[in-house]
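Let's take a walk through this structure, strand by strand and then side chain by side chain. Have the model open while you read.

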Amino acid sequence: QLQLVESGGGLVQPGGSLRLSCAASGVTLDYYAIGWFRQAPGKEREGVSCISSGGGTTDYADSVKGRFTISRDNAKNTVYLQMNSLKPEDTAVYYCAAIRIPHDLWSVAGLLTMASYDYWGQGTQVTVSS
């Protein structure tokens with residue numbers, strides 16, 4: 001059974017950076033597409049970024065394009081979300097999620113949607129404030 005654990009959240013000033021990690025255990029992340037989502041207080045959970053099961057394709061929400069970068073290190077069984085130029089509106093609990101897609105290593109179609117995923121982590125809090 002795949003388990004996901006997020007880490008790297010914290011308090012950062014506007015304009016600062018954080019790198020979130022999503023570490024997998026139980027199975028290897030080979031052939032799993034990974035998504036990052038976030039949920040701010042009083043708001044619905046939204047897709048932030050995703051990476052294909054092969055790692056060659058990524059996608060981002062418009063609100064984070066140019067500021068966030070998703071990457072994966074299958075040797076470490078970990079996916080990262082580098083967040084730069086953080087804004088107060090980035091404050092949220094960040095979650096990673098996984099879905100096994102062995103038949104298509106390149107597609108990210110639909111992967112910014114919660115319903116696409118089978119496995120979820122518990123989340124890590126990111127607070128951007130001065």
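## Strands and their partners

Start at tyrosine 94, which stands opposite threonine 124 in β11. This is a predicted model, by the way. The strands behind that match are β9 and β11, which pair in the antiparallel sense over three bridges. Strand β11 (residues 124–128) has a neat two-faced pattern: Thr124, Val126 and Val128 point to one face and are buried, while Gln125 and Thr127 point to the other face and are not buried. That fits a general habit: in a regular strand, side chains alternate between the two faces of the sheet.

β11 also pairs with strand β2 (residues 10–12), and here the two run parallel, joined by three bridges. If you want a spot to look at, glycine 10 stands opposite valine 126 in β11. Valine 126 is one of the buried residues of that strand.

## The four-stranded sheet

Now for another set of strands. What is the order of strands in the open sheet of four? Reading across, it goes β1-β3-β8-β7, and the pairing is antiparallel. β1 (3–7) and β7 (68–73) stand at the edges with a single partner strand each, so one side of each has no neighbour in the sheet. On average, and ignoring direction, neighbouring strands here are turned by 15° against each other.

Going through the pairings, β1 and β3 run antiparallel and are joined by five bridges. Glutamine 3 has serine 25 in β3 as its bridge partner. Then strand β3 (residues 18–25) pairs with strand β8 (residues 78–83), antiparallel again, over six bridges. In that pairing, serine 21 stands opposite tyrosine 80 in β8.

Tyrosine 80 has something else going on: the charged end of arginine 19 sits over its ring, 4.2 Å from the centre. A like arrangement turns up with arginine 45, whose charged end sits over the ring of tyrosine 95 at 3.6 Å from the ring centre.

## Aromatic pairs

The count of aromatic pairs in the model comes to four. Among them is tyrosine 32 with tyrosine 119, an edge-to-face pair with 6.3 Å between centres and 65° between planes. This pair links distant parts of the chain, since tyrosine 32 is in strand β4 (residues 32–39) and tyrosine 119 is in strand β10 (residues 119–120), 87 residues apart. Are these two tyrosines buried or exposed? Tyrosine 32 has 8% relative accessibility, so it counts as buried. Tyrosine 119, at 21%, is partly exposed, because buried means under 20%.

Another pair brings together phenylalanine 37 and tyrosine 117, with ring centres 5.4 Å apart and planes at 85°, so the pair is edge-to-face. Here too distant parts of the chain are linked: phenylalanine 37 is in strand β4, and tyrosine 117 is in the loop between β9 (92–100) and β10, 80 residues apart. Phenylalanine 37 and tyrosine 117 are both buried. Add Trp120 to Phe37 and Tyr117 and you have one aromatic cluster.

## Two buried polar residues in loops

Serine 53 is in the loop between β5 (46–51) and β6 (58–60), and asparagine 77 is in the loop between β7 and β8. Which backbone atoms do their side chains reach? Here are the polar contacts.

| Side chain | Backbone atom | Distance |
|---|---|---|
| Serine 53 | oxygen of isoleucine 101 | 2.9 Å |
| Serine 53 | oxygen of aspartate 104 | 3.1 Å |
| Asparagine 77 | oxygen of valine 27 | 3.0 Å |
| Asparagine 77 | nitrogen of leucine 29 | 2.7 Å |

Serine 53 is buried, with a relative accessible area of 4%. Leaving out residues up to four places away in sequence, serine 53 touches Tyr31, Tyr32, Ala33, Arg72, Ile101, Asp104 and Leu105. You have already met Tyr32 as half of the edge-to-face pair with tyrosine 119.

Asparagine 77 is buried as well, with a relative accessible area of 12%. Counted the same way, with residues up to four places away left out, asparagine 77 touches Cys22, Ala23, Ala24, Ser25, Val27, Thr28 and Leu29. Ser25 is the residue that serves as bridge partner to glutamine 3.

Key. Residues are numbered from 1 along each chain as its sequence is written. This is a predicted model: local features need pLDDT of at least 70, side-chain atom pairs count only at pLDDT 80 or more; totals for chains, interfaces and linings use all residues. Side-chain values use heavy atoms; hydrogens and water are left out. Two strands pair if DSSP finds at least two bridges between them. Axes are lines fitted to C-alpha atoms, for helices over the stretch in contact, and angles run from 0 to 180 degrees between N-to-C directions. Rings of Phe, Tyr and Trp (its six-membered ring) pair if their centres lie within 6.5 Å; planes under 30 degrees apart count as stacked, over 60 as edge-to-face and the rest as tilted. Buried means under 20% relative accessible area, exposed over 50%, partly exposed in between (1.4 Å probe, protein chains only). A charge sits over a ring if NZ of Lys or CZ of Arg is within 6 Å of the ring centre and within 35 degrees of the ring normal. A polar contact is a pair of N or O atoms within 3.5 Å; within protein, one must be able to donate a hydrogen and the other to accept it, and residues adjacent in sequence count only if both atoms are side-chain atoms. Contact means heavy atoms within 4.5 Å.
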